[in-house]
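Morning, everyone. Please bring up the structure on your screens, and we'll walk through some of its charged residues.

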Amino acid sequence: MIPTKILRATRVAPVAALIALGGLTSTPVILSQQARAEGPASVADLAERLAGAVVNISTSRSTGGGASGRVPLPKLPEGSPLQEFFDDFFQDEPEQDHEPRQAQSLGSGFVIDAEEGIVVTNNHVISGADEIVVNFTDGGKLDAELLGVDTKTDLAVLKVDASKRKLQDVPFGDSDKMRIGDWVMAIGNPFGLGGTVTVGIVSARNREIGSGPYDDFIQTDAAINRGNSGGPLFNMDGEVIGINTAIISPTGGSIGIGFSIPSALAIKVVDQLREFGETRRGWLGVRIQEVTDEIAESLGMEKAMGAMVSGVIEGGPVDDGSIQPGDVIVEFDGKAVENVRELPRIVAESPVGKEVDVTVVRKGQEETVRVTLGRLEDSEKLASAETKEDKSEGEGDVVSSAAVLGMHMAALDDELRERFEISADVNGVVVTEVDEDSPASTKGVTAGDVIVEIAQATVSTPKEALDRLEELKGQGRRNALLMLASKNGELRFVTLRMD
């Protein structure tokens, strides 16, 4: 079976991507001749008007010294009698063998400011380049300076010397106004064939393809191939409403499933790269997870929506307790948060330092808190940051151990803390054993996990855990929402059926 690919240049993704985008069918849909013939009468005038603003991007980079197959210089002990022999042997090698080799790559881009010489393309087109050259349709070339890149959205902004030639630019349009079925046109450099024009429609919007934290692609059936990356996707008014960046293909060629970064997202990134040479995104300082139907039911919510806070970053904007683990964020700065995917994008598009109202569901009630946004840090640093927790120790242990829902629980003492290597700042009820095929086992609960909260109520003894579960049953709840801490304090939420 030939693998399906999501390509950014040559990047590969599994066949599951196709299934996630609507599934595979064994029977193709055949359009009538009349249906295929319908569409814009001609895009010749539009293509002629816009082609001059679309450019090819060529890059070169060093791949390291030495010719292919060159024998490496042996490393001998200092003072070895063989050193002179090896020195004479390798000194006889041709000098050019030590010269670095160059790798070439080609992509597309477009001019958005003719006076300033600003060109937009994909980050992966110019990544690792030592030299970047912008090639124009008339054969002219200009060296380009890299102003800035954003790896999270795969965008890059270049600058050429606009005094050396007359440039043509194209404007950004509003991708939010595009509807499924609207006609679009792509111009680019597929397989090095510059100035290629293809036409199609908007096939879908808000596509997530697993390429980054802000996935929100326009899907189009306009033919996009290798080399189209970084090129523009136009509406029929000649405005750029997308930047072509990826395709799904079993062969590396177009099969009518291409993806473009929407202009609504790109404009803000491009403006920041032009001004600062980097992005400056808003940062809330929380870890989040999906609100499932079970979690929504356990919290008394009418439907599953929003983003559940699974942890608060120490030293972050909401480390003051304004937002707490277990909160479900349902509205941010006046915008409804329908699912966990939306919140990072909405927050990132907000200015650093802005005061915003955040609506959360906390213990079954909606509350609105006001927070001041910080600036998003490097994702790797965020991932390694530890969650701050300061839980008070339980008092009056009446029950030292208990078993429920397949979990054997015990009060967390020094002996168990040492046995499971649990950090000193983690408090709650420790799970000492999990029964096979139990509700807890199927949800990934393991020995050494610490139950911090049950249905947003803190528990510190097995009795408190049992009482809370009985209380939930008395309320007619079928699911219990547990906040679990790992041995080093990282938090996660699981729901367990109590039937």
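Which residues gather in a patch of negative charge on the surface? Asp-413, Asp-414, Glu-415 and Glu-418 do. One caution before we go on: this is a predicted model.

Take Glu-415 from that patch. You'll find Glu-415 in helix 10, which covers residues 414–419. Is Glu-415 buried or exposed? Its relative accessibility is 63%. The cut-off for exposed is over 50%, so Glu-415 counts as exposed.

Now to salt bridges. How many does the structure hold? The count is 18. Let's look at some.

Start with Glu-421 and Lys-487. They form a salt bridge, and their closest N and O atoms are 3.4 Å apart. This pair links distant parts of the chain, with the two positions 66 residues apart in numbering. Glu-421 sits in the loop between helix 10 and strand 25, which runs 429–434. Lys-487 sits in another loop, between strand 28 (479–485) and strand 29 (491–497). How open are these two? Glu-421 is exposed, at 57% relative accessible area. Lys-487 is partly exposed, at 43%.

Next pair: Asp-449 and Arg-492. Their side chains meet in a salt bridge, at 3.0 Å from N to O. Here too, distant parts of the chain are linked, and the two residues are 43 apart. Where is Asp-449? Look in the loop between helix 11 (439–442) and strand 26 (450–454). Arg-492 is in strand 29. Check the accessibility as well. Asp-449 is at 6%. Buried means under 20%, so Asp-449 counts as buried. Arg-492, at 26%, counts as partly exposed.

Now a pair within one helix. Asp-467 and Lys-463 meet through their side chains in a salt bridge, 2.7 Å from N to O. Both belong to helix 12, residues 462–474. Why are they separated by about one helical turn? Because they are 4 residues apart in that helix. Asp-467 is partly exposed, with 39% relative accessible area. Lys-463 is partly exposed too, with 32%.

Last stop: a network. Which residues are joined into one by salt bridges that share partners? They are Glu-278, Arg-280 and Arg-375.

To recap, then. We began at a patch of negative charge on the surface. We then met a bridge between two loops, Glu-421 with Lys-487. Asp-449 gave us a buried partner. Helix 12 gave us a pair about one turn apart. Thanks, everyone.

Definitions and conventions:
Residues numbered from 1 in each chain as written. Predicted model: local features only at pLDDT ≥ 70, side-chain atom pairs only at ≥ 80, totals over all residues. Heavy atoms only, no water. Patch = residues over 30% accessible without salt bridge, like charges linked within 9 Å, V, L, I, M, F, W, Y side chains within 5 Å. Areas by Shrake-Rupley, 256 points an atom, 1.4 Å probe, with all protein chains shown as cover. Salt bridge = Lys/Arg side-chain N within 4 Å of Asp/Glu carboxyl O. Lys, Arg positive; Asp, Glu negative; His and termini not counted. Charge placed at Lys NZ, Arg CZ, Asp CG, Glu CD. Buried < 20%, exposed > 50% of the residue type's maximum accessible area, 1.4 Å probe, protein only.
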